[in-house]
Amino acid sequence: MHQLYSIPVGLLTGILLALLLPSGAPYVAWAGQIFLSLLKLLILPLILVSIYASLSGGTDLKRIGGRTLLYYLITAAIAATLGTAIGLGFSADLPAGLLDLEQVEQGGADFSMAHLVGNFIPTNLFASLAEGNILHIVFVAVVAALASRLIAESERNLLLNGARALDALLMQLLRGVLALAPIGIAALVYASLANMDWAGVFQLHAFVWAVALAAALHALVALPLLYRARTGRSPWPFVAACRAPLLTALSTASSSATYPVSKQSLERQGIAERVTSFTLPLGATLNMNGSALYQSILLIFMSQLAGVDLTLPQAIFIVLLTMASSAGTAGIPGGGIAMMAFMLDLLGLPQTYLALYILVDRFFDYPITAINVWGDLVVAAIVDRDVRRM
């Protein structure tokens, strides 16, 4: 019964129902939304207290933080470069004006330094909590934890013990929510695939193959090779042990909602809590490998459809642009629309091409999110191994 009532079975059930009985999806969609809402309910407080507890009470902040950011930079660079190279190859023969794109309202403001600062530094903590801005929550947690290291030890311990107690409470709530995972995931997949515009997606078959190839190379070659090189272990048992967060990400299209599942899965494998509490919340916001390769390919195809011949400097700019923009992409389904609007402006492409993003994103959001989470899991395991070796 335990094997039948599991996340893989829930995923398969949702796919079969979408193919065999698509008309029934609206009647069960609410179950998937309830499951996703419960996961989101735990995200912000769990991120806030886990980062605070990790940084406030940790003794090896420099070792964990520096390595985490370095590996995030490396994996993002690999993903963006891979996506750009494959996108250039697959889009070479794509005729301009292949699709008749409708006008779409712009999803973001003009690109400016003020906007970048606003993405990282909050002006109102309560507004950030209400809006679910994870990047702001991470910023507040890091600043508060660093400041707490300068106050009296008795006061710091009081705050630290409170944060750890709240973290334990939230993890207990998480275990209750995860008991509903097979049902929630089946409903989410059922509702999403039942209304999929397959004809529109497969009209851009070259784009589909480009994303599939780049995703496969990054997820099955680049990240496993990095894991083996840094840990000396085979990556495939690690993949099998991480199937719960990977399937959750694949089913929910939300790296943020998957964070609690990733944390629980890694700690069951013996990865230190101080590592998971620091790397995973940052990864849910900053380490978007899948988004980087996906957005780079999409921008190149958009340029080709618009009749723009990309030069080498422009291709390099796309690599850097997608590395930066993917870090600001919201970790929720459809969270990249605003960032894509900014990138279109920077490349001089019309905002009508947001329609292309909306067309393909519903399909690719799920596997791309799984790659985002896979990158977070690999980095967490590598950082844990590095810290233990020191």
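This report walks through the salt bridges and the main nonpolar core of a predicted model.

## Salt bridges at a glance

Let's start with the charged pairs. The structure contains five salt bridges. Three residues, R67, R230 and D386, are joined in a salt-bridge network. The sections below look at this network and at a second group of charged residues around K263.

## The R230–D386 pair

Within the network, R230 and D386 form a salt bridge whose closest N and O atoms lie 3.4 Å apart. This pair connects distant parts of the chain: R230 sits in helix 10 (residues 205–231), while D386 belongs to helix 18 (residues 354–389), and the two are 156 residues apart.

The two partners also differ in their surroundings. R230 is partly exposed, with a relative accessible area of 32%, whereas D386 is buried at 6% relative accessibility. For D386, the label follows because buried means under 20% relative accessible area.

## K263 and its two partners

Which residue does K263 meet in a salt bridge at 2.8 Å, N to O? That partner is E267. Both residues are in helix 13 (residues 255–268), and because they are four residues apart there, about one helical turn separates them.

K263 also forms a salt bridge with E273, with an N to O distance of 3.3 Å. Here the partners come from two helices: K263 is in helix 13 and E273 in helix 14 (residues 273–286), so this bridge ties together parts that are ten residues apart in sequence.

Is K263 buried or exposed? K263 is buried, with a relative accessible area of just 1%. Its two acidic partners are both partly exposed: E267 has a relative accessible area of 26%, and E273 has one of 36%.

## The nonpolar core

Now for the nonpolar side of the model. The largest nonpolar core has 98 residues, and F207, F238 and Y294 are those with the most contacts inside it. Helix 18 gives the most to this core, contributing 16 residues. As a general point, nonpolar side chains in soluble globular proteins tend to be buried together.

What does F207 touch beyond its neighbours within four places in sequence? With those neighbours left aside, F207 is in contact with Y294, I297, L298, F301, V360 and F364. Y294 is thus on the contact list of F207, and both residues are named among those with the most contacts inside the core.

Helix 18 therefore appears in both parts of this report: the helix holds D386, the salt-bridge partner of R230, and gives 16 residues to the core.

Technical notes
Residues numbered from 1 in each chain as written. Predicted model: local features only at pLDDT ≥ 70, side-chain atom pairs only at ≥ 80, totals over all residues. Heavy atoms only, no water. Salt bridge = Lys/Arg side-chain N within 4 Å of Asp/Glu carboxyl O. Buried < 20%, exposed > 50% of the residue type's maximum accessible area, 1.4 Å probe, protein only. Core = buried A, V, L, I, M, F, W, Y, C linked by side-chain atoms within 4.5 Å. Contact = heavy atoms within 4.5 Å.
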